[in-house]
Every structure is written in structure tokens, then in C-alpha cells.
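Grab a coffee and work through these exercises with the model open beside you. Try each task before you read its solution.

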Amino acid sequence: MGKRRKPKPRIYELEIEALSHEGRGIAHLDEKVIFVSGALPGEKVVAERVFSRAKFEEADVVEVLVPADNRIVPKCEVFGICGGCSFQHLSSEDQIEAKGAWLKDAFKQQAKIEPKNWLEPLQAQVWGYRRKARLGVRWVAKKDKVLVGFREKKSGWIANMDRCEVLHAAIGEHLVDLGECIERLSIKSQVPQIEVAIAENNTVLILRHLEPFSAEDEQILLDCADKLGVSFYTQSGGEETVKALGESVTLTYSHPQHDIEMAFLPTDFTQVNFKLNQKMVSLALDLLALDKDDKVIDLFCGLGNFTLPIARYAQYVVGVEGDSGLIERAKANAQKNGIQNADFYKADLFKEVVGFEWFRGKTYNKALIDPARSGAIEIIELLPKLGVERLVYVSCNPATLARDTEKLIEIGYELETAGVMDMFPQTAHVESIALFVRC
């Protein structure tokens, strides 16, 4: 694929008509659609073109001539430059309202339907919530400084930021400290990335490095770790090379309402917003309407984030996941929490599964699925064969949720309830949940 060719400079005045599903303003000019980053409906703005095609262009706001009534002052000093956030010029209430509208549009356009009931939007922490992140690192000789942070929009450069308002304070308030620590290393130009994993009990920073650390480098990092109250891990190659610098630590998060504590590795997938995750799991359990006679299947179960809380209220639950490491840790978490009515199986849910032990001859009256952005079209077609009468679908992509909804309706399910959840405040990311009941 070729690189984007930079268009000829163009500055234009635009009147913003609507908000796209990516959180950009929509305008029309010269029979083209213009998508304008940083603009809101009802505004008149001066914008600069950054990308052009035959039927549409992309632009960035240069100046807001007439602001929308609901525009607010962004909290972050590098908003508009940093690519980590896109929505700080809207209040949290307006953000979640926009996300609800996008979900509604997705259902109408793809599945030609709306749920019988809309849930109230689910929100929790809107600042300092993010516990998982991949930060860029770069030694900038001209500045005589190591920058640590998110990358700039449409750029490989690291945003020059002193703090991050959405990262958990354990790291968000210490970007400068991290940069100064890396500046002291003998291989400061060979550390391109930090993987952040912040648990309830510990914080791990995985340093990706292209050259070996010296003994002096390791001591610098250990001293910094003591100062910041974090643990450094190092990574010289693939994920198998990740190892603790010093003693390894245990990372955990909890579902206190359901008496569950989850242990995880710093490289494991976990939800970035722990408070919202707690609310989301409780909502999913309420929608499943569990009782002690239920046999439940949790597809794309990961570490057992939903599976183990479900086990507290059902007769039996099976979790299925494609990653063998996550399955092993899910089993360990079940044992740790004294759960004996949950079993876990490894399976690629995008391939043939009818021969697997957990599928062959088995029935489950309720199910939960929480797939990746690509959705779950391959597995939902098999839900009637499993006897599923009640399904909760957790989605991180309204487009694939709407597509899968169309298929679920086709095979005999009704869309009862749906709503949005603000897992990623200050961004255009939409997390949603839907309840389907078999007709």
C-alpha cells in the first residue's frame, strides 16, 4: 500500500452540519463531504485540508469562528496535537449522548431495527481511568530530551506532553520523570516503547529495547522504579522475551460486588477502565437474569472477566477462548476464587467448533459473547444449536454489533435491550451491550 500523498495546501471556511461516527465534524463543499477533526455540529470554522479524495476530504480545525453552545475548553494542554484523545471539547454527558446516537444509527442502517428498550448510558471514571496503554518513547537530540507519551495525530512523532489526563495518575503524572530516567540510560535512543499495565495493587512498565541494557542502566531503572513505586519489565523481542527487571509482581483487579479477584500478566488483555468494567459485568449479569438452574456459555472469555462472576449465580458456566495462556490463567483464577462450577476450553471461535467437547451434544440456555472489533458472525449462527434462549452481547464496535444483530434476528432472536458504556471517555470509542431473547 502506498503512502498517503500530502494534498496541496487549502484553507477554507466550513459550516459543520453533523458529527461522524469517528467524532469528526461533517461539512459539504464543492460537492464533497469534508470530515473535520475538532469541529462540532452548528459551528463555523476555518479548517486546513490534510487529505483529499475524489468524493471526500479530511481537514483539521485552525480556528473556530462560531462555537457550538456545547463546546467546552479541553482539559489537556496538548489536545488536538496528541492522538490519544479526540473528544475533550465535549462534556462527558455530550460525549456519551453522541455515542448513543451512533449506536442507534448503526442498528437502523444495518439491521433496520431498534431495541424494545434503551438502557441508561453506563459511565464511571472519565479522567485518570486508563490502566492499559502503549506509550511511545523517543530521544530528541534537538531538544536534548526523551519524550514519553502518545503519538501525535497522523504522525509517528511523540507528543511533547508533561502529563496525561486520561492515564491513571500512577503514570499519567510521571511522564517527565520517565523521560528523565530513560535519558540517563546508555541506550536512550534504543528504547522506543513502554507498555503500561496498572493493576489495583501494582504498576508494571514493560520497556521495549533494541539493544541490551548495561548493569548501570539496570540500576538506574531500579532506582527509578523505587522512586515512582512501579516495577520495570524488559522486552528485547517478541512477547516471550518479557521478563521482570528484579522481582516479578502479581497484578490483580477485582469485582467486589461478586467477591472475585482476578490475577493477570502485564501482557494480558484487560479492560482499561476498572470502575466501568465492574459496572459493565454487573449489568451483564442483571441482563442475563441468572439463577441456579442456568447453564451458561461465555464465548471469547479471556481471563474469565465475565465467566467467574457468572459462576457465582449459575449452575454451571463454560468459558471458551482462543488464547491458551488466557485459558490457563482463567482456570487458575477460578481455583483462586474457590469456583468449582466453571470449565474453560481453548478454541478458535472463527473456525469449525462443532466437534469440540464443550459443543458436541451440549446445551446452554444462556450465553454471553464479548468479541473483538471484528464481531462474532461465525459463532452466533451456532447459538440455536446450543439451545441458547437468552444472549448478552458486549461489543466494542457498533458496526459489527449491528451486522451480527441482523443475523441474530434472521435465526430467531429478538433485540430486547441495548445501550452504550463509556469505557474510553474523551475518545470516540463506543462500547455497547445488547440483550437478545429467542422468539
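**Exercise 1. Find how much space lies in the largest cavity, and say which residues are closest to its centre.**

Step 1: About 90 Å³ of space lies in the largest cavity. The search runs on a 1 Å grid over the protein atoms alone, and a cavity is a set of points where a 1.4 Å probe fits but cannot get out. Grid points are joined across faces, edges and corners, and a volume is the space filled by probe spheres set on the points.

Step 2: Look at the lining, meaning residues with an atom within 4 Å of a point. There are 13 such residues, and C76, C82, C85, Q88 and C164 are the closest to the centre.

Step 3: Sort them by class: nine are nonpolar, three polar and one charged. Here Ala, Val, Leu, Ile, Met, Phe, Trp, Tyr, Cys and Pro are nonpolar, Asp, Glu, Lys and Arg are charged, and the others, Gly among them, are polar.

Step 4: A search of the whole structure turns up one cavity of 30 Å³ or more.

A word on ground rules: this is a predicted model, so local features need pLDDT of at least 70 and side-chain atom pairs count only at pLDDT 80 or more, while totals for chains, interfaces and linings use all residues. Residues are numbered from 1 along each chain as its sequence is written, and side-chain values use heavy atoms, with hydrogens and water left out.

**Exercise 2. Work out where the largest pocket lies and what lines it.**

Step 1: Start with the volume, which is about 930 Å³. A pocket, in this search, is an open set with protein on both sides within 12 Å along at least five of seven lines.

Step 2: The lining has 38 residues, and those closest to the centre are F269, T270, Q271, P371 and A372. Elements that give two or more residues are β8 (132–140), β10 (193–198) and α7 (324–336). The largest share, three residues, belongs to β8. Such elements are DSSP runs numbered from the N terminus: helices are H or I with at least four residues, strands E with at least two.

Step 3: Split the lining by class and you get 17 nonpolar, seven polar and 14 charged residues.

Step 4: Now place the pocket. Domain 2 (96–125 + 271–438) and domain 3 (132–198 + 203–244) both give residues to the lining, so the pocket lies between them. Those bounds come from an automatic or database domain assignment.

**Exercise 3. Trace the six-strand sheet and follow β6 through it.**

Step 1: Write down the order of this open sheet, β1-β5-β6-β4-β3-β2, with mixed pairing. Its edge strands, β1 (11–15) and β2 (18–19), each pair on one side only. Two strands count as paired if DSSP finds at least two bridges between them.

Step 2: Take the antiparallel side of β6. Strands β5 (residues 44–52) and β6 (residues 56–66) share eight bridges in the antiparallel sense, and a hairpin of three residues joins them. F51 has E58 as its bridge partner, while A47 stands opposite V61.

Step 3: Turn to β4 (residues 32–37), which runs parallel to β6 over five bridges. Here S37 stands opposite D60.

Step 4: Zoom in on E58. With a relative accessible area of 9%, E58 is buried; the scale is under 20% for buried, over 50% for exposed and partly exposed in between (1.4 Å probe, protein chains only). The C-alpha atoms of E58 and I34 are 5.6 Å apart, although 24 residues separate them along the chain.

**Exercise 4. Explain why strand β16 is largely enclosed, then name its neighbours.**

Step 1: Four of the five residues of β16 (residues 295–299) are buried, so the rest of the structure largely encloses this strand.

Step 2: Place β16 in its open sheet of eight strands, β7-β21-β22-β20-β19-β16-β17-β18, where pairing is mixed. The edges are β7 (117–118) and β18 (342–346), each paired on one side only.

Step 3: Five bridges join β16 to β17 (residues 316–321) in parallel, and four parallel bridges join β16 to β19 (residues 366–369). D298 stands opposite G319 in β17 and has L368 as its bridge partner in β19.
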